[in-house]
Amino acid sequence: MYFYVDESGHTGANIFDDAQPIMYYGVLSSQLNVDDVARNAVTELREILGVKRLHANELGMGRLVEISKGLIHLQENLDMRFDFHTLYKRDHALICFFDQVFDPGVNSAVPWSSYLSPLRYILLLKVAHLFDIETLKKAWSARIQINEELATKELLDVCKTILERIEVIPDKRSRQIISDALVWVLENPQEVQYNPKSKRDSYWITPNLIGFQQVMFSIALRIKEGKSHFPVIVVDQQTQFNKTQCSLAKFYAQLSGRQYDLGTGLPKMDFTGMPITPIRFQSGLNNVGLELVDIYLWLFKILFEKKEIAPELHSLLSSLMSSCTYNEISLSAIEKRWTEWFENLPEPTPEQWEFGKEIIKNNERRRLDAIATSKNRQKLRSGLK
């Protein structure tokens, strides 16, 4: 199989750009080498428009309509598939804060059951209520800050600020877990390892790389469906993130075929089908597959933003809809998915109730033992009232 990957909404670590709040990735796939098989047809389409390259943003809707029949013909002949991925950048900043601060492997004040189970998403959504945009910006600034001293200062400021707002959380148990976790960070900021050690390390937590993780897993699913053993993956060339994308792909290749439990009730981390062949980086100026995925990504983005699509292009998109996979990283997507999951849980049996109570009891004992050693716990709390 052949895969062609493009992105849109790239702002790097500057994730608070109001003009580009979402990171988009598109993946075009086919059993055929699109760059080879479609080259002559795409050359003809360029000649119709009098351009050297089919770049959707430059062509606009009107000019794409002029070649819509040719694009539909290509799509049918090559049996192409398209997968679409989105990441809401501000939500990503909040999720980054939560995963660093509330991981019980680091923060002893957090019960294991509150993070290594679907309960983590309830806790995440409650923590989100403690943030305004300025506090979120400071949390992200600390997350990507290489200077350890500055990062620690900003992290502590964020923890103090949201701890002062803890009363907006309605239930007592959540207030207890969140406030204890924040106080623990105030006392042990170095244990959190909140910031990267180098500029290169910071690339791993940008929307570009988190979105690319979605891309790799969607490619793995397509490979399993198509039973392809030697896929060719071509990624649009750009200077800033290609090296880190390559490192991620190599790391995933080492895990190919494995599965890992993330916690009770959580989906497995499934690397089955993950490609082991190296990804390639090419310019869209030199690869027809990248030229076409640029068009599909632009159109799907227009559709996603609920903007008008020319009628002549509807059939181009509708034929892909039935096979398209869509993945979204956002707080609203998390809330929707896990609200439905909790609502459909069966009633536990008496034995399950007793087993659950025992787990909670043991978790709470471990948690209380860990925070009991905090000498300044009460002092910190009283000083923030």
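Between which two elements does the loop containing S323 lie? In this predicted model, S323 is placed in the loop that connects α15, residues 314-321, with β8, residues 326-329. With a relative accessible area of 19%, S323 is classed as buried, because the cut-off for burial is under 20%. When residues up to four places away in sequence are set aside, S323 touches R81, D83 and R222.

The overall organisation of the protein chain is considered next. The protein chain contains 18 helices and eight strands. Its C-alpha atoms fill a box of roughly 75 × 50 × 40 Å along the principal axes. The protein chain comprises 385 residues, 49% of which count as buried. Among contacts in the protein chain with a separation of 6 or more, 79% are accounted for by residues 24 or more positions apart. The accessible surface of the protein chain amounts to about 19,400 Å², and carbon and sulfur atoms make up 53% of this area. As to charge, 46 positive and 48 negative side chains are present in the protein chain, and a distance of 5 Å separates the centres of the two sets.

Open and enclosed spaces were also examined. The largest pocket has a volume of about 2,100 Å³. Its lining is formed by 48 residues, of which Y121, Q213, L262, M269 and I329 are the closest to the pocket centre. Several helices and strands each contribute at least two residues to this lining, namely α5 (89-101), α6 (119-128), α11 (199-202), α12 (207-226), α13 (242-254), β6 (269-270), β8 and α16 (331-343). The contribution of α12 is the greatest, at eight residues. Strand β8, which supplies at least two lining residues, is also the element that follows the loop of S323.

A search of the whole structure for cavities of 30 Å³ or more yields one. The volume of the largest cavity is about 40 Å³. The residues lining the largest cavity are E148, A151, T152, L155, P189, Y194 and N195. Helix α8, which spans residues 148-163, provides the largest share of that lining, with four residues.

Two further loop positions, P231 and T277, were examined together. P231 is located in the loop between α12 and β4, the latter comprising residues 232-236. The relative accessibility of P231 is 4%, and P231 therefore counts as buried. In sequence, P231 and I219 are twelve residues apart, while their C-alpha atoms are 9.3 Å apart in space. Apart from neighbours within four places in sequence, P231 is in contact with M1, F3, I223, P275 and T277.

T277, one of these contacts of P231, belongs to the loop between β6 and β7, where β7 covers residues 280-282. With residues up to four places away in sequence excluded, T277 touches F230 and P231. The pairing of P231 and T277 thus links the loop between α12 and β4 with the loop between β6 and β7. By C-alpha positions, T277 and Q145 are 34 Å apart in space, and 132 residues separate them in sequence. The elements α12 and β6, which precede the loops of P231 and T277, each supply at least two residues to the lining of the largest pocket.

Terms used. Residues are numbered from 1 along each chain as its sequence is written. This is a predicted model: local features need pLDDT of at least 70, side-chain atom pairs count only at pLDDT 80 or more; totals for chains, interfaces and linings use all residues. Side-chain values use heavy atoms; hydrogens and water are left out. Buried means under 20% relative accessible area, exposed over 50%, partly exposed in between (1.4 Å probe, protein chains only). Contact means heavy atoms within 4.5 Å. Accessible areas come from the Shrake-Rupley method with a 1.4 Å probe; for residues, only the protein chains shown count as cover. Lys and Arg count as positive and Asp and Glu as negative; His and the chain ends are not counted. The place of a charge is taken as NZ of Lys, CZ of Arg, CG of Asp or CD of Glu. On a 1 Å grid over the protein atoms alone, a cavity is a set of points where a 1.4 Å probe fits but cannot get out, and a pocket is an open set with protein on both sides within 12 Å along at least five of seven lines; lining residues have an atom within 4 Å of a point. Grid points are joined across faces, edges and corners, and a volume is the space filled by probe spheres set on the points.
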